[in-house]
Amino acid sequence: MELYKSPLVTGLSLVSCLGSSIEETWEFLCSGKDGLSPITSFDTEQLRSSIGGEIKSIYSLTGKDRMLQLSKEAITNTINDSGLTITDINQAKSALVLGTSLGHIFENENSPTNIDDYIPDVLNEIGLTIPFLAISSACSSGSDAISIGCDLIQFQEFDIVICGGVDILDIYKMTGHSSLHTLSPTKCRPFSFDSDGTSLGEGAAFIILEAPKNIKRKNANYYASIIGRSNTTDTSSVTAPDENGLGAIRVIEQAINQTPFKASDISYINAHGSGTPTNDKMEAKVYEILFSDSQTPVSSTKSAFGHTLGATGAIEAIIAILALNKKTAPPTAGLKKYSAEWENKNLVIGEPLRIDGKNLITASVTYGFGGANACLVFTNINKEI
């Protein structure tokens, strides 16, 4: 892919248990803190864990309204961050692509609930008159929404795409992971010698993508360009990843092959890092094969946010973009002693790591149920265009 043709990221927003602003979230991440706490919005007594990345706020406890409120806040914030106006977006060829895993569909036990039924209300309340697309592809939904946003700009000549992910905590998702024993009875600790599962979370994260021709507009921010993206499917299990990591290796290689760079050129990787022993072992194999020679810094942010399911790919894409701009790799919260599989890998532990270099490239990877793998690659090398 020619860099000057890559979609540009001009707005960012993130709402999670760590806060509702980008700077507040980044400060917490780099300090090694987490937002995991006892869940208060529903009864967790029968579950494997009562801990999660719950947003303690005035948001509604009703699923549909909570999805609406989180989406509206995050989308409004990213529009404001970009310098665009509602009129700018409505008058351009624009769209919204929103990813979620299961959203609020378990809320109504008596009749089906459409996974996107709140989105028209979100657009109406913000004042947007643009088409939308809802994506549900397990834990890679947020990443897939961003990939599709890139497709709309590169292949359908869209000017502006708002894309990202949103998901909420509920008793049904917690029960499902509890019954699968993927839920940690303590806290999510990716790559640790005593990892015992993941912790679920909730949140919303959106970016604004613009066609390169739009970058000359007044007040335009430019955080990064997306120069590589890929999706693969393992098809080896309904829930577990391919333990050999073949789909994960392929998705990273395919994304990198779209760029002028090599895997060893990547400056930082935000790993999936769910904290389940199966995922940790699989990812260790991936990085042993692709990055052992380059010692590329790796960290997971799920021990800070919790696993936010359909929002996680968008949240972690934003962390990879921030790492690029701040030239810093955030640490994996709570990680003190890594497992044997991660011996001699460049895990970021304790303190943030400076990632100075001439060509800065970062990547975010997500691996979802059903073997849904996604990789996004970012750079700010051509920031002068």
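User: How many salt bridges does the count come to in this predicted model?

Analyst: This model is predicted. A pair counts when a side-chain nitrogen of Lys or Arg is within 4 Å of a carboxyl oxygen of Asp or Glu. By this rule, the number of salt bridges is 15.

User: Take K187. Which residue is its partner in a salt bridge, with the closest N and O atoms 3.2 Å apart?

Analyst: The cut-off for a salt bridge is 4 Å. The closest N and O atoms of this pair are 3.2 Å apart. The partner of K187 is D34.

User: How far apart in sequence are the parts that K187 and D34 tie together?

Analyst: K187 sits in the loop between α6 and β7 (203-210). D34 sits in the loop between α1 (22-30) and β2 (37-38). The pair therefore ties together parts whose separation in sequence is 153 residues.

User: Is K187 buried, partly exposed or exposed? And D34?

Analyst: Buried means under 20% relative accessible area, and exposed means over 50%. K187 has 30% relative accessibility, so it falls in between. D34 has a relative accessible area of 30%. K187 counts as partly exposed, and D34 is also partly exposed.

User: Which residue meets E202 in a salt bridge, and where does that partner lie?

Analyst: The side chain of E202 meets that of R66, at 2.7 Å from N to O. This pair links distant parts of the chain, 136 residues apart. E202 is in the loop between α6 and β7, while R66 is in helix α2 (residues 63-82).

User: Are E202 and R66 buried or exposed?

Analyst: A residue counts as buried under 20% relative accessible area. For E202 and R66, the class is the same for both: buried.

User: Which two helices does the salt bridge between E316 and K302 link?

Analyst: The side chains of E316 and K302 meet at 2.7 Å, N to O. The two residues are 14 apart in sequence, and both are buried. E316 belongs to helix α10 (residues 312-326), and K302 to helix α9 (residues 302-305).

User: Which residues do salt bridges with shared partners join into one network?

Analyst: Here the salt bridges share partners. That joins them into one network. Its members are D167, D170 and K173.

User: What is the volume of the largest cavity?

Analyst: The structure holds 1 cavity of 30 Å³ or more. Its lining includes Y287, F291 and K345. By class, the lining has 3 nonpolar, 5 polar and 1 charged residues. The volume of the largest cavity is about 60 Å³.

User: Which residues form a nonpolar patch on the surface?

Analyst: One member is Y172, which lies in helix α6 (residues 171-180). Y172 counts as partly exposed because its relative accessibility is 33%. Together the patch residues have about 220 Å² of accessible area. They are L102, F106 and Y172.

User: What is phi of H181 near, and where does H181 lie?

Analyst: H181 is a residue other than glycine, yet its phi is positive. H181 is exposed, because its relative accessible area is 52%. It lies in the loop between α6 and β7. Phi of H181 is near 65 degrees.

User: What is phi of K327 near?

Analyst: K327 is placed in the loop between α10 and β11 (328-329). With a relative accessible area of 33%, K327 is partly exposed. Its phi is positive, in a residue other than glycine. The value is near 50 degrees.

Definitions and conventions. Residues are numbered from 1 along each chain as its sequence is written. This is a predicted model: local features need pLDDT of at least 70, side-chain atom pairs count only at pLDDT 80 or more; totals for chains, interfaces and linings use all residues. Side-chain values use heavy atoms; hydrogens and water are left out. Patches are made of residues with over 30% relative accessible area and no salt bridge: like charges are joined within 9 Å, nonpolar side chains (Val, Leu, Ile, Met, Phe, Trp, Tyr) within 5 Å. Accessible areas come from the Shrake-Rupley method with a 1.4 Å probe; for residues, only the protein chains shown count as cover. Helices (H or I, at least four residues) and strands (E, at least two) are DSSP runs, numbered from the N terminus. Buried means under 20% relative accessible area, exposed over 50%, partly exposed in between (1.4 Å probe, protein chains only). On a 1 Å grid over the protein atoms alone, a cavity is a set of points where a 1.4 Å probe fits but cannot get out, and a pocket is an open set with protein on both sides within 12 Å along at least five of seven lines; lining residues have an atom within 4 Å of a point. Grid points are joined across faces, edges and corners, and a volume is the space filled by probe spheres set on the points. Ala, Val, Leu, Ile, Met, Phe, Trp, Tyr, Cys and Pro count as nonpolar, Asp, Glu, Lys and Arg as charged, and the others, Gly among them, as polar.
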